[in-house]
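Okay, thanks for having me. I'd like to walk you through one model today, so let me put it on the screen.

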Amino acid sequence: MSQSNNANTSRKWNLIVDVAKCENCNNCYMTLLDEYVGNRFPGYSEPCPRHGHHWIQLDTKERGSGSLMDVAYLFTTCNQCDNAPCMKAARDKAIYKRADGIVMIDPQKAKGQRDLVKACPYGHIWWNDELDLPQKWCWDAHLLDVDWKEPRPVSVCATGSLKAVKLSDPEMKDLAEREELQVLHPEYGTHPRIWYKNLFRYTQAHIAGSVARVADKVEDVVEGARVSLTRDGKEIDSCQTDMFGDFKFDAIEVDSGEYTLKILSDGREKALRVVMGASVNVGVILL
């Protein structure tokens, strides 16, 4: 078997992040501080500063408004890129990739190489002024090398948002296709090993609203109304209102233009034009 085929079939670490499950508890971030602040792991990592570094970061996105607003949290960290720009920028092989897919910063060779901070397009290399050293999360390689089954942040994720898997590249490709996993900024061409499920919760938008009717001068919600979303005269999605009269169409591109909502219930019909910017709450639609 050729060397390239060997590399393709060897098992490598990947991280799957389910955006829909993250509740911003910060257990992953706090566990990383517990592991690295004040602790030196020779050959793996120098101590992380108590303040200023976010080797794991959770970003917040609010979508919509009113009662139909939702919030998503995006876990980001070193992407363990197979085509890592930081590796190309490093001198003296100060950044290298292990056979198991983990990208490491050599804590001795990297000293003084401040330009490596800007080499990461994802912003996940941090500068330690005290140690004159670029740093990032080493994926708890020092623990995995003594037979830990997963990195510490994965083990403390209370909602199951994080899952570490060690698979060959073909196996990971199949898994990504089956579960519709995505990576951040594929246009960078870095080939990350951090994969995201339900990424649309953070990167895309929704159209939501409520349906009601007035009977005997009383306004009440309409459950089970058919709501369709059309564009250029073609229906692209449909749903029924829930017990609160609410509906939502998700995973819509931001700033994607004009759509039409059509509502049908008990012979009553109404249409509404929506121009898509960010997420939209159209409010209560009266039939």
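I'll go from the overall dimensions to the cores, then one histidine, then a sheet.

Housekeeping: this is a predicted model, local features need pLDDT of at least 70, side-chain atom pairs count only at pLDDT 80 or more, and totals for chains, interfaces and linings use all residues. Residues are numbered from 1 along each chain as its sequence is written, and side-chain values use heavy atoms, with hydrogens and water left out.

So, the protein chain has eight helices and 17 strands; those are DSSP runs numbered from the N terminus, helices being H or I with at least four residues and strands E with at least two. Along the principal axes, the C-alpha atoms fill a box of roughly 75 × 45 × 35 Å. The radius of gyration is 24 Å, where a compact globule of 287 residues would have one near 19 Å. That's taken over C-alpha atoms, and the globule rule is 2.2 Å times the number of residues to the power 0.38. Of the 287 residues, 46% count as buried, meaning under 20% relative accessible area with a 1.4 Å probe, protein chains only.

Now the cores: sets of buried Ala, Val, Leu, Ile, Met, Phe, Trp, Tyr and Cys residues joined through side-chain atoms within 4.5 Å. The largest has 52 residues, and those with the most contacts inside it include Leu15, Phe75, Trp139 and Tyr196. Helix H2 gives the largest share, five residues. Tyrosine 196 is in contact (heavy atoms within 4.5 Å) with Val17, Phe75 and Leu184, among others, leaving aside neighbours within four places in sequence. A second, separate core has 17 residues, including Val211 and Tyr259.

What about histidine 142 in helix H5: buried or exposed? Buried, with a relative accessible area of 9%. Its side chain makes a polar contact of 2.8 Å with that of glutamate 35. The cut-off there is a pair of N or O atoms within 3.5 Å; within protein, one must be able to donate a hydrogen and the other to accept it, and residues adjacent in sequence count only if both atoms are side-chain atoms.

Last, the sheet. Four strands form an open, antiparallel sheet in the order S13-S12-S15-S16, pairing being at least two DSSP bridges between two strands. S13 and S16 stand at the edges with a single partner each, so one side of each has no neighbour in the sheet. Six bridges join S12 to S13, and valine 227 has cysteine 239 as its bridge partner in S13.

Note on methods: Buried < 20%, exposed > 50% of the residue type's maximum accessible area, 1.4 Å probe, protein only.
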